[in-house]
Amino acid sequence: MTDQHHALLAPARHAHILAALERDGIVRVSRLTDELGVAPVTLRRDLQQLEEEGRLERVHGGAVSAQATVPDEPAPSQTGGAIGVLVPSLAYYWPGVVRGMEAEARKQGLRLVLRGASYELQDERPVLERLLAADDVRGLIVAPNPDVTHAQDVVQWLDASGIPTVFVERDAVVLPDRAPVENVTTDHALGAVLAARHLASLGHRRIGLILSRESPTGRKILTGWATACEELGLAPDAHFKSLFPDRNGPGFTTAVNAAIDKALDAGVTGLLIHSDPEAMAFIDIALNRGLSVPEDLSVVAYDDEVAQLFTPALSAVSPPRAAVGAAAIDLLARRIADPTRPVHRVSLSPTMHARESSAPPA
């Protein structure tokens with residue numbers, strides 16, 4: 001094209017740019033090039049002229065409204081619209097994650113459309129379809145159940161939908177290439193290591209792990225526990241693992257008593273128990289049997305949802321729930337602003353809080 005042709009089209013191009021800016025809050029040179037069929041250098045001149053007129057502010061790769069400020073990377077706050085969120089529970093663990101999402105969404109100028117599923121739901125696709133039908137949903141944050149028949153079907157459906165998606169506290173791959181999805185997770189394996197190191201630092205040489213159920217978190221804790229026991233040089237007979245059934249089920253008390261017997265028979269003096277309610281129930285039953293915590297058994301809970309409210313206040317591994325939620329919003333907003341950016345997989349570290357339920361062995 002000639003410069004004369006550019007000049008003739010400039011008013012129309014400027015109108016298109018400003019309309020896109022009003023609609024989306026941000027414009028990208030790469031997208032405008034395709035929409036308007038002109039060279040990037042032409043669009044940069046257009047953006048420069050509009051900036052000189054005070055109509056917009058140029059940023060790396062595009063422009064935003066004149067009143068907005070963004071870093072070189074496209075600003076998540078300029079994406080606008082709604083984010084659909086699907087989590088497996090609104091009763092435990094996940095409210096802290098959602099609160100982190102809500103706080104970050106407000107900063108970004110986004111709103112959440114929240115749905116709670118259940119751990120028993122076998123196929124989340126109908127719920128996700130309804131979420132996408134909601135007004136102005138531009139991306140999804142999801143925590144699908146990885147232990148059901150349709151788990152991989154859900155992953156494939158999300159990939160095929162083309163909607164920007166971030167998995168939260170979940171790992172998944174897209175077939176056939178097994179490409180990892182974009183996600184934000186807690187390093188739960190590290191959490192188990194931190195708990196084991198804490199118990200070892202107090203002098204415990206025989207330690208045990210009790211998991212509340214088969215779960216994505218439980219599997220990662222188990223992996224970290226094995227790493228920690230090897231790191232600490234604990235022989236196989238110096239540590240044990242148990243799996244509790246549903247604490248609301250008829251076999252729970254029997255399982256707790258069996259775990260206490262196993263711990264005492266093995267000379268175990270320190271335990272990591274996932275999660276807080278199971279740790280509390282374990283201690284209640286142990287106290288009823290005449291045991292003392294932490295004198296006879298030190299207990300570290302995993303999740304730190306309500307651990308410090310118990311008596312004794314439970315030492316606990318605390319996943320950064322609010323930070324996980326905030327990071328998921330930020331990651332999704334950046335994906336919406338720049339669909340070409342590399343896939344990001346964010347891992348956040350938990351912290352270990354020592355309280356009254358752990359002490360040196362008697």
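In this predicted model, the loop that runs between strand 7 (165–168) and strand 8 (173–174) contains Glu 169, a residue other than glycine whose phi nevertheless has a positive value, near 55°. Most residues other than glycine have a negative phi, and most peptide bonds are trans. Two peptide bonds can be set beside Glu 169 as further local features of the backbone. One of them joins His 274 and Ser 275 and is cis, with an omega of about 10°; Ser 275 itself belongs to the loop between strand 13 (270–274) and helix 10 (276–288). The other runs from Thr 311 to Pro 312 and is likewise cis, with omega near 0°, and Pro 312 is placed in the loop that links strand 14 (298–302) and strand 15 (315–318).

Three helix pairs are described next, with their geometry collected in the table.

| Helix pair | Angle between axes | Axis separation |
|---|---|---|
| Helix 2 (residues 29–36) and helix 3 (residues 40–52) | about 110° | 9 Å apart |
| Helix 5 (residues 125–133) and helix 6 (residues 151–161) | roughly 25° | within 10 Å |
| Helix 7 (residues 188–201) and helix 8 (residues 216–231) | roughly 45° | within 7 Å |

For the pair formed by helix 7 and helix 8, whose axes cross at roughly 45°, the angle makes helix 7 oblique to helix 8, because it falls outside the range of 65 to 115 degrees that counts as roughly perpendicular and is not under 35 degrees, as roughly parallel would require. Helix 7 passes helix 8 in a right-handed crossing. On the side of helix 7, the contact is made by His 188, Ala 189, Ala 192, Val 193, Ala 196 and Arg 197, which meet Thr 217, Lys 220, Ile 221, Gly 224, Trp 225, Ala 228 and Glu 231 of helix 8. Sorted by class, the residues of this contact comprise 7 nonpolar, 3 polar and 3 charged.

Helix 5 and helix 6, with axes that cross at roughly 25°, are therefore roughly parallel to each other, and the crossing of helix 5 past helix 6 is right-handed. Here Arg 125, Leu 128, Glu 129 and Leu 132 of helix 5 are in contact with Asp 153, Val 154, Trp 157 and Leu 158 of helix 6, a set of residues that divides into 5 nonpolar, no polar and 3 charged.

Helix 2 and helix 3 pack at an angle of about 110° and are therefore roughly perpendicular to each other, while the crossing of helix 2 past helix 3 is right-handed. Val 29, Leu 32, Thr 33 and Leu 36 in helix 2 touch Pro 40, Leu 43 and Leu 47 in helix 3; this contact consists of 6 nonpolar residues and 1 polar residue, with no charged residue.

The last topic is internal space. When the whole structure is searched, 1 cavity of 30 Å³ or more is found, and the volume of the largest cavity is about 50 Å³. Its lining is formed by Leu 86, Val 87 and Pro 88, together with Ala 117, Ser 118 and Glu 124, and by Ala 143, Pro 144 and Asn 145. By class, the lining of the largest cavity has 6 nonpolar, 2 polar and 1 charged residue; Glu 124 is among the lining residues and, because Glu counts as charged, belongs to the charged class.

Notes. Residues numbered from 1 in each chain as written. Predicted model: local features only at pLDDT ≥ 70, side-chain atom pairs only at ≥ 80, totals over all residues. Heavy atoms only, no water. 1 Å grid on protein atoms, 1.4 Å probe; cavity = no way out; pocket = protein on both sides within 12 Å on 5 of 7 lines; lining within 4 Å. Points joined across faces, edges and corners; volume = space filled by probe spheres on them. Axes fitted to C-alpha atoms, helices over the stretch in contact; angles between N-to-C directions. Helix = DSSP H or I, 4+ residues; strand = E, 2+ residues; numbered from the N terminus. Parallel < 35°, antiparallel > 145°, perpendicular 65-115°, else oblique. Left-handed = near helix turned anticlockwise from the far one by under 90°. Contact = heavy atoms within 4.5 Å.
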